[in-house]
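Subject: Structure handover

Hello,

Here is the structure I promised to pass on. Please open it first, then read the notes below.

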Amino acid sequence: MSKAVKRNISITGPQTFSENVEIKEPMAYAGGSPSVQQALRHTFKEMGAVKGLKGLLKMNQKNGFDCPSCAWPDPEKPKPGAEYCENGAKALADEATTENVGADFFKKHSVEELSLLSDYELNKHGRLTEPLVLNVESKHYETISWDNAYQLIASELRKINSPDEAIFYTSGRSSNEAAFLYGMFARALGTNNMPDCSNMCHESSGVALSETLGIGKGSVKLEDFYDAEVVIIAGQNPGTNHPRMLSALEKCKKNGGKIISINPLKEAGLVSFKNPQKVKGWLGNAVALADIHLQVNINQDIALVKLLLKKLLRLDEESNGGVFDHRFIEQYTEGYQKLAADLEQYDEEQLLEQSGVDESLVKTTTALLAKKSKIIICWAMGLTQHKNGVENIREFVNLLLLKGAIGKPNAGTCPVRGHSNVQGDRSVGIHHYVNNTLNEKIEAHFGFKAPTKQGYDTVESIHAMHEGNAKVFICLGGNFLMAASDTEYTAEAIQNCELTVQISTKLNRSHLVTGKTALILPTLGRSEKDQQNGKEQFITTENSMGKVRWSKGFLKPTYGNLKSEPEIIAEIANTYFNGNHSVPWEKLGSDYSMIREYIDKIAKGFDETEKRSKGTGYYLPNNARELDFSNLPNGKAQITINQLPEHDLKSDELMLMTIRSHDQFNTTIYGMDDRYRGVYNERRVLFMNEMDMKSKGLDKMDVVHIRSNYDNIERKAFNFLVIPYDIPKGNMAAYYPETNVLVPYNHFADRSQTPISKSIKVSIEKVEV
Ligand SMILES: Nc1nc2c(c(=O)[nH]1)N[C@H]1C(S)=C(S)[C@@H](COP(=O)(O)OP(=O)(O)OC[C@H]3O[C@@H](n4cnc5c(=O)[nH]c(N)nc54)[C@H](O)[C@@H]3O)O[C@H]1N2
Ligand SMILES: Nc1nc2c(c(=O)[nH]1)N[C@H]1C(S)=C(S)[C@@H](COP(=O)(O)OP(=O)(O)OC[C@H]3O[C@@H](n4cnc5c(=O)[nH]c(N)nc54)[C@H](O)[C@@H]3O)O[C@H]1N2
Ligand SMILES: [Mo]
């Protein structure tokens, strides 16, 4: 037996700031010519001008590829050559960079040495180019052949005592085809241990929407935005994270719609917009977006919505039912009387104070909502990542149901998804819970019995690995270590595994903090051509509004020895089963149309005799859109009672939300600036209210450590520069993933188990420098 080496790995990388930090005024608009400049700068620098331009012209076009950044949908008629945004361009540049790392690089640099680099520096090293192994007795990755890599995985999977000692994580960039094969392999092995990034993301939305409307997805289509009367945007920063959404909002405004933003921050993209897709947008004035900005306290959205509901209820009574849609309530919902009775116990003054919102703005909002019924509510992580994340969303759904704003044009729910195919992955079977219908179809079409025991989600996976109950951890994309909460605890968990496998495009910290043995399997990105058996393949993705499209790469993969995700997964499965299994793994890995046929039959439930999906360009069924609530109690949409959040802050504690800068995609750091918030060359910054700074004796640019204490365990994040910012008193913001060391892994949303990344109770400690 070879001897395991003790590797001295830095879990977080450097926790220091640079000397070059520059703080300017936050911007008052998003987009405009700086966006165009940045888009071109990133693509040209990473890819070269010719390839870069070619890529941007193909992005989100009908015959092109789906942008690998966010999940915002494409219009029915994409603007020729201009259906991309600044951050889509950055995502393309990041994937298609000409920088790359191979075996020589890893021979020169040990994992210990690399772990001292920042996440930004690691990513900058470029694309992974060949399969690599970190042997148990080594501190350096070395080349391994694809076949030997598959054999290594198969042999470790054969050693485990039960299939439940294996865990299969999925990040949301994978195609439907890859995700489907991956989920089927986990089940064929015998486990439902399929944590995925949605556990940390929109799981609360899925749970809340399933409970209230009978479907875990949103109900609107892109076109619904254009003639909506009111669009509410709560806990979402579209200017940075879903920039193409601003074009839809611009259209809505032009048609007379009103926009209400609910956010502790006045994000530039919610204030106003210069459409970078139009020449007018480069040169002219910005279009104002939010008509009303409700600057709510962190995690006090329930207090705010309750206040609005209470005021609307009173207006409704005074006007003999002129505010709520009573016909709709009667026909399609249950729980109205209970809600009305429950609202009585709340005191308006108290709700107002708790929400932190200006009273006159609450009045304006109430007056607006009273008159309108074509209402869309959009949200993202600002609502989902709290202990009461599920309740937050249910409370907003109450508002829509009372206004009859579901299942009709220009109205409904819009959870704005994160990763470009996170919703598709779920639709094709990436979930840790058991779906009996799916299992029956697997047996009918694939000829094996899928496991019937619920698997681990993200939180449970971390715990299982930490306790030594899981031995093999396979990741289809993502950067689990940095994405998950409680970085140090999660690192210990991962390091307990016998084997960790990363199927990835770019170098990240999850390649350095590993199991005893580790594999890197480099894969094609979405922008690259995928040939199997001499035939060009395409893949499919599902956007945030439930529409499936196809995506075909255009770049010739220039780096070493890459394989496609479906091929890699099929080969792992085929090797594990020794080519002897009821599923034709090998054939599936080289013919994606065959995978799509099985997706239709098994995951989508399209019958043999029914019209087939043809794999692309169609909407999936959506019962909320059709006002069919037959899968809910008494066949009705559920109006729910939700409690106010209790924070119990100690006297020295403040509430911290962990958010994204403009120059990152989740754990991938594209650059060190956050242009819209006026921060340059630094990420270790803490946005604070000036009164809080004063009461803590802090000046601008003072250095602090941030501390959290849950269950008497102290967690610490070091060296942040304090920046005065327009944020309500008692609230603070800092960037993720640097602050994940503060989030206790065992504190999460009730029922969805989404970590509390947006409401962490912390104290700060001034550092004398
Ligand atoms: N360029 C880029 N695009 C991305 C991503 C990226 O990292 N970069 N990530 C993708 C992914 S996976 C996701 S999930 C989405 C994330 O998209 P967002 O959810 O927009 O991302 P966050 O930066 O987490 O921003 C959360 C917003 O919620 C607000 N907020 C925080 N707490 C509260 C609260 O208690 N109440 C209210 N009302 N607001 C609150 C914050 O001020 C912030 O504006 O974006 C996707 N798109
Ligand atoms: N504190 C805090 N924590 C959070 C959040 C927060 O707001 N605050 N947000 C949470 C959310 S919403 C999410 S979605 C998660 C994100 O969690 P993940 O999805 O796990 O993380 P990413 O940073 O998106 O993963 C980036 C890596 O994916 C790989 N990759 C990129 N493209 C491809 C591809 O096409 N194929 C393959 N195989 N690999 C690819 C690259 O190697 C890259 O380094 O983080 C969560 N964590
Ligand atoms: Mo996400």
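Two strands count as paired if DSSP finds at least two bridges between them. Strand 29 (residues 685-688) and strand 32 (residues 731-735) meet that mark, with 2 bridges in the antiparallel sense. One partnership to look up: Met688 is bridged to Met732 in strand 32. Keep in mind throughout that this is a predicted model.

**Barrel**

That pair sits in a wider arrangement. A barrel is closed by 6 strands, in the order 25-32-29-31-30-33. The pairing around the barrel is mixed. From one strand to the next, the twist averages 45°. As background, strands of a sheet pair through backbone hydrogen bonds, either parallel or antiparallel.

**Ligand**

Which residues are closest to ligand 1? They are Asn263, Glu267, Asn299, Gln664 and Asn666, out of 31 residues that surround ligand 1. Three polar distances may be useful for your setup:

- Gln664: a polar backbone atom lies 2.6 Å from a nitrogen atom of ligand 1.
- Met381: a backbone N or O atom is 2.8 Å from an oxygen atom of ligand 1.
- Arg660: an N or O atom of the side chain is 2.8 Å from an oxygen atom of ligand 1.

So Gln664 and Met381 use backbone atoms, while Arg660 uses its side chain.

**Cysteines**

How many disulfides does the structure hold? The count is 0. A disulfide is a covalent bond between the sulfur atoms of two cysteines. The cut-off here is 2.5 Å between the sulfurs. Why is Cys67 not bonded? The closest cysteine sulfur, in Cys85, is 6.1 Å away, which is too far for a bond. Cys70 is in no disulfide either: its nearest cysteine sulfur is also that of Cys85, at 6.3 Å.

Are these two cysteines buried or exposed? Cys67 is buried, at 6% relative accessibility. Cys70 is buried too, with a relative accessible area of 12%. The limit for buried is under 20%.

**Helix 3**

Helix 3 (residues 86-95) is mostly covered, with 10 of its 10 residues buried. Charged-looking names are on that list: Glu86, Lys90, Asp94 and Glu95 are among the buried residues. Leu92 is another of them. What do the buried residues of helix 3 pack against? The partners are helix 1 (33-47), helix 2 (49-58), helix 6 (119-124), helix 10 (238-241), strand 4 (127-128) and strand 27 (668-669).

Over to you.

Best wishes

Conventions:
Residues numbered from 1 in each chain as written. Chains lettered and ligands numbered in written order. Predicted model: local features only at pLDDT ≥ 70, side-chain atom pairs only at ≥ 80, totals over all residues. Heavy atoms only, no water. Helix = DSSP H or I, 4+ residues; strand = E, 2+ residues; numbered from the N terminus. Axes fitted to C-alpha atoms, helices over the stretch in contact; angles between N-to-C directions. Buried < 20%, exposed > 50% of the residue type's maximum accessible area, 1.4 Å probe, protein only. Contact = heavy atoms within 4.5 Å. Near = heavy atom within 4 Å. Polar contact = N/O pair within 3.5 Å; in protein donor to acceptor, adjacent residues only side chain to side chain.
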